Structure formats: C-alpha cells, structure tokens
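Hi everyone, thanks for coming along. I'd like to walk you through one structure today, so please have a look at it first.

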Amino acid sequence: MRRTNIYLDDDQLCALKHLAVEEQQSLAVLVRQAVDEYLARRFGDPAAWNERFDTLIQRIQSRMPSEVTPEEIEADITVAREEVRQAHRALQKASGARRH
C-alpha cells in the first residue's frame with residue numbers, strides 16, 4: 001500500500017469523519033472503500049477493461065510513425081506529465097493565495 005494525499009472540502013471531510021466514528025473505521029479505510037467502489041463501477045469487468053486498454057494502445061500505435069522508439073514515447077510522456085504537474089501546482093498556489 002502506498003501513501004497519497006488528497007484534497008477534500010470541509011463538508012466532505014466532516015462527513016467522512018462522522019461516518020468513520022459511526023462505523024468504527026479509520027478515515028483511510030473509508031476512502032479506500034469509496035475508491036474501490038468507484039473503480040468497480042467505472043471499470044466493471046476486468047476483462048472488458050483490459051480489452052478497452054488494448055484497443056486504446058493499438059489505436060495509439062497505429063498513429064505513431066514506425067521510426068519513433070519506445071524511449072522517445074516515454075520521454076514525451078514524462079515531459080507532458082511534468083507540464084501537467086507544474087500547471088496543477090500553479091493552480092493550487094493561485095487558489096491558496098486567493099483564500100488568504
């Protein structure tokens with residue numbers, strides 16, 4: 001199991017804390033249960049999800065020039081992921097500045 005941080009608004013956190021007390025569970029257990037339920041609804045049958053994923057990969061590969069290497073693809077993904085993270089951090093910082 002890995003540790004992660006999530007941001008909840010005050011009402012969400014309050015409701016989860018009340019449920020945790022009522023059900024004699026930790027907040028973390030309730031969040032994991034909620035995520036499990038969400039993923040089960042979202043992906044349903046694992047075989048169907050795997051098929052959708054394989055189809056997506058095939059579509060992506062069909063659009064890529066044959067000379068592009070897996071390393072180049074991974075490098076592009078890494079750059080794009082970092083750009084998204086930086087944009088997200090900037091939004092969080094701007095949002096925090098507006099609250100104060």
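**One salt bridge, two patches**

If you search the whole structure, you find one salt bridge. Before I go on, please keep in mind that this is a predicted model.

So which residues make that bridge? Arg 89 pairs with Glu 82, and their closest N and O atoms are 2.9 Å apart. As a bit of background, side chains of opposite charge can pair when their charged atoms come close. How exposed are the two partners? Arg 89 has 45% relative accessibility, so we call Arg 89 partly exposed. Glu 82 has 31%, so Glu 82 counts as partly exposed as well.

Okay, on to the surface, starting with charge. Which residues gather in a patch of negative charge? They are Glu 67, Glu 71, Glu 72, Glu 74 and Asp 76. Let me pick out Asp 76, which sits in helix α4, residues 70-99. Asp 76 counts as exposed because its relative accessibility is 56%, and the cut-off for that word is over 50%.

There's a nonpolar patch on the surface too. Phe 53, Leu 56, Ile 57, Ile 60, Met 64, Ile 73 and Ile 77 form it, and together they have about 540 Å² of accessible area. Where do those residues come from? Helices α3 and α4 each supply at least two of them, and α3 gives the most, with four. One residue of this patch, Phe 53, is found in α3. With a relative accessibility of 39%, Phe 53 counts as partly exposed.

Now let's hop to helix α1, which covers residues 10-23 and holds Leu 13. Leu 13 is at 30% relative accessibility, so this one is partly exposed. How far is Leu 13 from Phe 53? Along the chain they are 40 residues apart, and their C-alpha atoms are separated by 33 Å.

Next, the loop between α1 and α2, where you'll see Gln 24. What's the thing to look at there? The phi of Gln 24 is near 50°, which is a positive value in a residue other than glycine. Is Gln 24 buried or exposed? Its relative accessibility is 74%, so Gln 24 counts as exposed.

After that loop we get to helix α2, residues 27-43, and here we can do a small check. The helix has 17 residues, and at 1.5 Å a residue they should span 24 Å. The expected span is 1.5 Å times one less than the number of residues, so don't multiply by the full count. And what does the model give? The end C-alpha atoms of α2 are 24 Å apart, which agrees. Right after α2 comes Gly 44, and its phi is positive, near 55°.

One last stop: the loop between α3, residues 46-63, and α4, which is the place of Thr 69. Thr 69 has 30% relative accessibility, so Thr 69 is partly exposed. How far is Thr 69 from Glu 37? In sequence they are 32 residues apart, and in space it's 38 Å from C-alpha to C-alpha.

That's my tour. If you'd like to find one thing again yourselves, go for the bridge between Arg 89 and Glu 82. Thanks for listening!

Key
Residues are numbered from 1 along each chain as its sequence is written. This is a predicted model: local features need pLDDT of at least 70, side-chain atom pairs count only at pLDDT 80 or more; totals for chains, interfaces and linings use all residues. Side-chain values use heavy atoms; hydrogens and water are left out. Patches are made of residues with over 30% relative accessible area and no salt bridge: like charges are joined within 9 Å, nonpolar side chains (Val, Leu, Ile, Met, Phe, Trp, Tyr) within 5 Å. Accessible areas come from the Shrake-Rupley method with a 1.4 Å probe; for residues, only the protein chains shown count as cover. A salt bridge is a side-chain nitrogen of Lys or Arg within 4 Å of a carboxyl oxygen of Asp or Glu. Lys and Arg count as positive and Asp and Glu as negative; His and the chain ends are not counted. The place of a charge is taken as NZ of Lys, CZ of Arg, CG of Asp or CD of Glu. Helices (H or I, at least four residues) and strands (E, at least two) are DSSP runs, numbered from the N terminus. Buried means under 20% relative accessible area, exposed over 50%, partly exposed in between (1.4 Å probe, protein chains only).
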